[in-house]
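Take a moment to look over the model before reading on. We'll walk through it one piece at a time.

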Amino acid sequence: MKDYADSERQGNCIVVTINRPKERNPISAELFAEMKNALKTAQDDPTIGAVILTGASLENGQGFFCAGGNLNDLAASADRTPDERRELLETLHNFTRMVRDSDVPVIAAVEGGAAGAGCSIALTCDFVISAEDAKFSVAYVNVGLTPDGGVTSFLADILPRQLANEMCLLGKQVSAQRFYDLGVVNVVTENGAALQAALKLGERLAQGPRNTIATIKHLCSAAISNDLDAQLELEAVKMVEAQGLPEAKEGITAFFAKRKPDYVKLR
Amino acid sequence: MKDYADSERQGNCIVVTINRPKERNPISAELFAEMKNALKTAQDDPTIGAVILTGASLENGQGFFCAGGNLNDLAASADRTPDERRELLETLHNFTRMVRDSDVPVIAAVEGGAAGAGCSIALTCDFVISAEDAKFSVAYVNVGLTPDGGVTSFLADILPRQLANEMCLLGKQVSAQRFYDLGVVNVVTENGAALQAALKLGERLAQGPRNTIATIKHLCSAAISNDLDAQLELEAVKMVEAQGLPEAKEGITAFFAKRKPDYVKLR
Amino acid sequence: MKDYADSERQGNCIVVTINRPKERNPISAELFAEMKNALKTAQDDPTIGAVILTGASLENGQGFFCAGGNLNDLAASADRTPDERRELLETLHNFTRMVRDSDVPVIAAVEGGAAGAGCSIALTCDFVISAEDAKFSVAYVNVGLTPDGGVTSFLADILPRQLANEMCLLGKQVSAQRFYDLGVVNVVTENGAALQAALKLGERLAQGPRNTIATIKHLCSAAISNDLDAQLELEAVKMVEAQGLPEAKEGITAFFAKRKPDYVKLR
């Protein structure tokens, strides 16, 4: 597997693996380039149901998602100009925007820990599958840094301010089960089984109505900042379109024929 | 009872029943007309504490809320012009706006299932009472359609994006208990007892300070899109008004007299 | 202790105590003046980690946070002009804005009950520590008044609309454990131990990177109304700054030296 990040097709998913276990899988330019390629491939290949982001196991065999920024790299930041720092940071923020704008859903398969920017990129994903012992933490404060990667935005959407503050101001670790109870984690698995569960979810997405799923993903994303009136308008526009498209025809026809819809043949 | 939808006064509530059990209680023009009348009646009759929306039991005796859009109707949509589709859809979205704008609170009493637009109209309500076995699902994706009725907006307000995605992209069913734990369902009852609990809640509202309740309902609704500064301004304007009104006088007088306030006499 | 409100330094925190137990600790001009001083002192004294807001025990020995508005005072409101009412109300809303704008985090230590404006001021705080038997309620409706102090805004951010409605339209009491499960309360303690837990949390904040914590507090607050793009921009600006500041240097240096960072020496 390539150092820092690699990807491969597994079934109808593309699995991107953060692969720098000796440094606990930091984010890197290589990771963002790999994700960019994976999202492009997924967009162009109608058989792909999801892009899955996961981490390579550590040298002791324990699964681990991502420890966030590379601290060697961050240590060097003080000697960079603000413009240079900003340029590096934009590789992360471009990733955030890419995942949001992707038509194909992105699933985080988290083992062990998602810390700092690792937590940011996990929460950027449309779905989060997590092994039971995994911990989520916004650890920037521990080294005197402020959060990035959109994590303060995601936390404001998904958690009360008090718990978000506890994560961001104190670096509090939150467990997979706690995040499941709050609705942030979709599935809690046994340790070592997060990728398998993510692949299963990705296969379900691959059997679904691809264009409809893309439209709904963007509807759900837009809903976060739209007020009710604006979102009703957007839902109406999209529903009027959907009613004339082949996926709805197949879905409704299959319903009346009491058979499973076959959206795959429409691609 | 009238086909598709009917309403009747029960105590100090108006109960609107979705009544097309052989098609699992779909939404219909008749339902929205009935709700419009019920909300108008409730607005004009100061003894009414709440409008309750519920579904007739299925032919097998099982309670059921609403299965969403009428699929015969949706099947015909492909042959309609976009303008015709939009016009039909606006009957649903007018309902959504009517419930939001109503001074009188609206309570969903859910048995069995609330699917597709059935889930949308349940979550439009100010309160949701649900029988323990009821399931909530945004099932549009199953037939290749995109959500409407404001459900993506409501889900973005009440759930983390990951769980909202699971409902909207995969049609995941969520149980009454899960929605209670997350704060979406107000009361979980035994099967068959949702309407009774809704009536009880409606009676409490009927004993309350009617004008104050209307103002608070709109304050809570406005708070969803207002930022803190705008909402502080709105709260201040309304509180300054409230302090000069008869309901506050009665409430505060009763407090000092150590008696229950009698808001009903003020109407 | 001064009547209505007093404050004292305890360790590296300033503890403001609402002190009018015979009226169940109402809010007052004295309280807001005391908080204003405490926040100013905390801002100017770099050894202070947090301001803690708590209530004096009642005459029966039971802990109690705050019962909200002084009803004698509210009873007199009907005879005030709207401008006079607004002026009084702004003392509360100035408190709300002061806590939001404070660089130093504010912790509510709640025993017994936080009712009406007492609930508003608890939820205004960045952290809420609550004794297990404490109840939170937005009790305004019970006396025919509408909520203020930003509570409808805070509830819209932290709870589904249905539960927020139940609190605001019906005065429903919510337990500390329920608020913990939802992520609103940070720590549930035994009765009588909320202040102690708040002091412990305050000491952790006092050992942390003071300027970084202030920046993160404002990032988390801004995230509530910013959309993702605006928040990514704000995170980027703040992270680029942070990377050049002494706290990050100390944090990263300590990480590599495998020692605890010493942020206190930087002040």
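Which domains is chain A divided into? Keep in mind as you look that this is a predicted model. The assignment splits chain A into domain 1, covering 4–206, and domain 2, covering 210–266. If you mark the C-alpha centre of each of these domains of chain A, the two points lie 28 Å apart. Where the domains meet, seven residues of domain 1 of chain A are in contact with six residues of domain 2 of chain A. On the domain 1 side of that meeting place in chain A, you'll find three nonpolar residues, four charged ones and no polar ones.

Now let's hop over to chain C and pick out helix 9, residues 210–223. Does its length add up, and what surrounds it? Start with the length: at 1.5 Å a residue, the 14 residues of helix 9 of chain C should span 20 Å, and the end C-alpha atoms are indeed 20 Å apart, so the two values agree. Next, the surroundings: ten of the 14 residues of helix 9 of chain C are buried, which means the helix is largely enclosed by the rest of the structure. Among the buried ones are Ile213(C), Ile216(C), Leu219(C) and Ala223(C), but Arg210(C) and Lys217(C) are on the list too. What do they pack against? Within chain C, the partners of the buried residues of helix 9 are helix 8 (194–207), helix 10 (228–242) and helix 11 (246–256), and from chain A there are helix 5 (151–158) and helix 6 (161–170).

Let's turn to the place where chain C touches chain B. How many residues does each chain bring to this contact? Chain C puts in 38 residues and chain B puts in 47 residues. On the chain C side, helices 2, 3, 5, 6 and 7 each supply at least two residues. Helix 6 of chain C gives the largest share, with nine residues. Sort the chain C side by class and you get 19 nonpolar, twelve polar and seven charged residues.

Finally, how do these copies relate to each other? Two copies of a chain are related by a rotation about an axis and a shift along it. Here, a turn of 120 degrees and a shift of 0.0 Å along the axis lay chain C on chain B with an RMSD of 0.0 Å. That's the relation of a three-fold axis. In chain C, Leu182(C) has the C-alpha nearest the axis, 3.9 Å from it. The copies use different surfaces, too: 5% of the contact residues of chain C recur in chain B.

Key. Residues are numbered from 1 along each chain as its sequence is written. Chains are lettered from A and ligands numbered from 1 in the order in which they are written. This is a predicted model: local features need pLDDT of at least 70, side-chain atom pairs count only at pLDDT 80 or more; totals for chains, interfaces and linings use all residues. Two residues are in contact if their C-beta atoms, placed from the backbone, lie within 7 Å. Helices (H or I, at least four residues) and strands (E, at least two) are DSSP runs, numbered from the N terminus. Ala, Val, Leu, Ile, Met, Phe, Trp, Tyr, Cys and Pro count as nonpolar, Asp, Glu, Lys and Arg as charged, and the others, Gly among them, as polar. Copies are superposed by least squares on the C-alpha atoms of residues with pLDDT of at least 70 in both. The expected span of a helix is 1.5 Å times one less than its number of residues. A residue is buried if 20 or more other C-beta atoms lie within 10 Å of its own, exposed if 12 or fewer, and partly exposed in between; C-beta atoms are placed from the backbone. Domain bounds come from an automatic or database domain assignment.
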